[in-house]
Every structure is written in structure tokens, then in C-alpha cells.
Amino acid sequence: MYIRAGAGLSEDASALGELTQGRSEQGKGRPERMHTMKKSLWTESLTGTEPIGRSLLGCIGNTALLRLERLGRNYPNAEFHGKAEWLNPGGSVKDRPALEMIRDAERTGRLQPGQTILDATSGNTGIAYAMIAAASGYHVKLCLPASASEERKQILAAYGAELVITPGDEGSDGAIIRAREIIAAEPGKYFYPDQYSNPANWRAHYKTTANEIWEQSGGRLTHFVAGLGTSGTFVGTTRRLKELNPAIRCVSLQPDAAFHGLEGWKHMPSAMVPDIYDATLADASLTVKTEDAYRLVKRAAREEGLLLSPSAAAALDGCFQVAASLQPGEQAVFVTIFPDSGTKYLSERFWDEV
Amino acid sequence: MAVKVLIPTPLRQFTGKQESIECGARTVGEALGDLTANFAELRKHLYTDEGEIRSFVNVYLNDKDIRFLDKENTRTKDGDTISIVPSIAGGSPNSTND
């Protein structure tokens with residue numbers, strides 16, 4: 001059973017609804033909204049009692065839908081757009097599922113005040129947990145392998161997360177096993193979100209990402225393209241978009257091999273398949289080679305002014321692959337997800353090599 | 001001289017599920033050459049068509065990144081351990097990345 005759009009939105013997300021219009025990139029704020037905004041400003045200045053500004057967690061979601069102006073010019077029948085998820089306060093798309101998993105656990109009583117959020121992650125999800133936990137007053141403990149990059153550890157530590165470093169040669173499996181041991185020892189002390197199995201992961205995208213795409217594109221999109229990691233982005237967004245318009249073609253992307261450099265992506269045939277993954281949703285599934293994504297990272301930065309992460313560039317590469325297979329005369333409006341920016345990948349070798 | 005090469009999980013399908021392989025070598029490059037000679041399918045995963053180590057493949061000699069040592073010419077000694085780590089999940093050599 002799916003939750004209807006607009007129903008059950010967390011207060012963070014629904015608070016955002018009012019503010020979207022104010023930062024509408026098209027500058028076409030509806031007159032009544034403008035009126036409301038003016039009135040509230042006037043009231044504030046009279047009473048001086050209403051809080052101003054926005055809460056940090058209220059800034060999660062409602063990211064800009066960026067239109068590519070130059071990179072897609074080889075495909076004149078296609079328009080390309082990406083959700084700039086690095087505009088979330090934690091710097092990645094993972095703010096959405098992390099917030100939804102935490103709020104869902106609060107609603108259902110699985111996360112109580114004083115408990116610690118515990119998970120095994122060294123990536124963007126860990127950063128999202130750490131930021132949200134800091135802003136919500138929870139303690140967070142993350143198990144991560146020693147091989148995780150120093151920058152990641154520093155970001156997590158800066159948010160006050162407690163880091164449990166596991167042996168580097170055991171990889172993330174070692175970190176997952178350690179997290180489960182810690183929970184088994186003191187089960188009442190922790191909340192373990194488990195993004196691979198938690199339906200609140202995909203529901204975050206069902207409730208927010210998909211509806212934003214629909215509104216920001218004026219319902220014009222013909223194709224939705226996204227990479228698979230936990231699969232939450234693709235599964236949640238696709239389920240909602242198909243309800244809004246079943247004709248939208250939804251294409252999932254994977255690395256071309258089990259051994260790859262696309263952070264956040266999973267090669268489903270060889271990986272532990274997430275419980276929330278639904279292989280029946282995609283109209284088509286394509287693969288992206290790591291080096292092709294790297295080359296597009298560099299092109300996007302230099303030709304479009306967009307500093308994309310490898311996975312964001314890989315998503316765009318997937319759009320271009322679909323565009324190359326369009327029928328003559330077929331017009332397409334692509335929307336994809338740019339999960340994060342390139343700033344956390346600046347020490348990668350591809351900047352000099354590919 | 002024998003060095004041990006640790007095989008990351010996604011590549012073990014090409015080494016008959018072995019987690020580590022002993023190689024005879026005087027340098028890191030020789031060890032990887034020995035490894036890919038014995039397990040030919042590994043080659044295209046580790047090297048470009050031009051014979052360079054692929055950009056996302058990080059190689060460590062006893063926990064030190066060889067790009068900050070003498071790259072593939074880094075000398076090895078008996079008992080050394082070489083790790084092959086893809087640039088994902090903050091550098092974790094595992095397929096359960098996020």
C-alpha cells in the first residue's frame with residue numbers, strides 16, 4: 001500500500017512545501033503565495049514574535065531541477081535535467097531517506113529520546129545520519145572500515161558522530177558485523193535504520209522526490225533515469241511517477257561490472273541484493289562504465305559549470321545512452337538524480353588520468 | 001620472494017573464490033603481473049587497454065598507497081601484503097557499498 005502524496009509528510013517536508021514557491025527558480029510564484037508571504041512579513045514586523053529563517057532539517061528536499069544547457073547538444077530531440085541533491089544540507093540525496101527513516105522510527109516508537117542511532121556506513125548516508133542526529137539531539141555511532149577516506153571520517157567526526165573503526169581488510173562487511181555485535185550486546189540502547197531493508201528509505205522518494213520532479217517538470221517528463229544503490233531512489237520515485245503518468249519510461253542504471261568505481265552504486269547480479277529492491281519496476285536497465293562516468297565528470301565541470309560526483313555523471317551518461325536510442329522524431333524530456341557533487345571526490349586519481 | 005595479494009570481494013569470482021593469492025615478485029607491478037598472468041580474467045578489471053592501472057583501482061603495500069611510494073615500481077620484500085581497493089564506499093574494498 002502506498003501513501004498518497006501530501007499525506008503523512010513529516011513536518012520537515014511539509015514545512016518545505018510553503019517555502020518552495022519562495023525559492024522557485026522560474027520566478028513564477030503564484031500570486032496568492034506572494035500575498036501570503038507579504039502578509040506574514042508584515043505581521044512579523046508588527047509583532048516581532050514569529051521566528052524568522054528556516055530550520056536546517058526543513059531545508060531537506062525541494063532541490064533545484066537543473067536544466068543542462070550545453071552537454072546534451074548532441075541530442076537535439078532531448079532535454080536533460082538533474083535534481084541537484086547536493087543542495088540538501090548534508091550535501092547529498094541521502095538526507096531524504098535518512099530523515100524519513102529517523103522520523104518513521106520516532107512515529108512508530110522504534111527510536112526514543114536518549115537512544116543512539118547506529119549503522120555501518122562510511123558514505124553519504126553516514127553523513128546524513130550524523131547531521132540529522134546532531135540537529136535532533138540524538139547520539140550517533142557509525143561503524144566504518146579503516147580504509148574509509150580521511151575526509152569522510154573528518155566530516156563524520158565534525159558532526160559529533162562516534163566512530164567505530166573496523167579492520168580495513170574486512171571492508172564494509174566487517175563494519176556491518178561489528179554494528180550487529182554492538183546492537184546484540186545492548187539492544188535497547190540503539191536504533192539501527194538498516195537502509196537496505198527499511199521501506200522508509202524508498203518512501204522518502206515516493207513522498208518527496210517524485211512529486212517534486214512532477215511539479216518542477218510541469219508533468220512534461222518522458223523519462224526518469226537513476227542509478228541503483230540501496231535502490232531507494234529508483235524504487236520510490238518510479239512507483240510514484242508511474243501513478244502520476246504510467247507512460248513515463250523509468251530506466252535503472254548499474255555499474256558494468258562487480259568491480260567498479262561508482263560510489264553508491266550496486267552491481268545487482270553480484271552484490272547482496274537489498275530487500276527493498278523491486279526488479280520488476282524498471283522499463284529498461286542499462287550499465288555504465290566507471291571511466292565513462294569519470295570523463296563526463298570532467299566535461300560537466302568544464303562545459304556546464306557543474307561539479308558532479310562520479311555517480312551523478314554516471315546517471316547523466318545513462319540519460320545520454322537512452323537519448324541515443326530514441327526513434328527519429330521522438331521528443332524526450334529526461335529527469336535524473338544527481339546524488340551529490342564532486343567535492344568529496346577531488347582526491348581521486350581520475351582528475352589527472354582519464 | 002613471496003608477497004600476499006588480498007583480493008577484494010567483487011574480484012574473487014575470478015580467483016576461484018580465493019581471498020588472497022601468493023605471488024613471487026620484487027615489485028608491486030611484478031606481483032600484479034604475476035597475479036593477472038595466473039588469473040587472466042582479472043586483467044581487464046585492473047588495467048586499461050593501454051596497460052595502466054585503472055583510475056579507480058587503488059593499490060596499497062602494507063596499508064600505504066603506492067601512488068605515494070614508487071607506484072608500480074615500489075619494491076616488495078618477503079611477507080609483504082598488497083591490497084587492491086576500489087574508490088568506493090570511502091575506499092572500502094567491498095560490494096556492499098553505499
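Biologist: Before we start, what counts as a salt bridge here?

Modeller: A side-chain nitrogen of Lys or Arg within 4 Å of a carboxyl oxygen of Asp or Glu. Keep in mind that this is a predicted model.

Biologist: Okay. How many salt bridges are there between domain 1 and domain 2 of chain A?

Modeller: The count is 4. One example is A:E100 with A:K207. Their closest N and O atoms are 2.8 Å apart.

Biologist: And which helix gives the largest share of domain 1's side of that contact?

Modeller: Helix 7 of chain A, residues 199-216. Helix 7 supplies 5 residues. By class, that side of domain 1 has 3 nonpolar, 8 polar and 7 charged residues.

Biologist: Where do the two domains run in the chain?

Modeller: Domain 1 covers 61-89 plus 205-353. Domain 2 is 95-191. Their C-alpha centres lie 26 Å apart. The contact takes 18 residues from domain 1 and 14 from domain 2.

Biologist: How much area do they bury between them?

Modeller: About 990 Å², with 41% of it on carbon and sulfur atoms. A:P89, A:K207 and A:K344 supply 42% of what domain 1 buries against domain 2. No other three residues supply more. A:K207 is also the partner of A:E100 in that salt bridge.

Biologist: Any polar contacts between the domains? How many residue pairs?

Modeller: 9 residue pairs, both residues at pLDDT 80 or more.

Biologist: Switching topic. How many residues of chain A and chain B are in contact?

Modeller: 42 residues of chain A, with 28 of chain B. The two chains bury about 2700 Å² between them. Of that area, 48% is on carbon and sulfur atoms.

Biologist: Which three residues of chain A supply the most buried area there?

Modeller: A:F259, A:E263 and A:R349. Together they supply 29% of the area chain A buries against chain B.

Biologist: How many salt bridges between the chains?

Modeller: Just 1. A:E291 pairs with B:R54, and the closest N and O atoms are 2.7 Å apart. There are also 8 residue pairs in polar contact between the chains, both at pLDDT 80 or more.

Biologist: Which helices of chain A each supply at least two residues to that side?

Modeller: Helix 4 (124-136), helix 6 (171-185), helix 9 (290-304) and helix 11 (350-353). Helix 6 has the largest share, 4 residues.

Biologist: What is the class make-up of that side of chain A?

Modeller: 15 nonpolar, 16 polar and 11 charged residues.

Definitions and conventions
Residues numbered from 1 in each chain as written. Chains lettered and ligands numbered in written order. Predicted model: local features only at pLDDT ≥ 70, side-chain atom pairs only at ≥ 80, totals over all residues. Heavy atoms only, no water. Contact = heavy atoms within 4.5 Å. Buried area = accessible area lost by both parts, 1.4 Å probe. Polar contact = N/O pair within 3.5 Å; in protein donor to acceptor, adjacent residues only side chain to side chain. Nonpolar A, V, L, I, M, F, W, Y, C, P; charged D, E, K, R; others polar. Domains from an automatic or database assignment.
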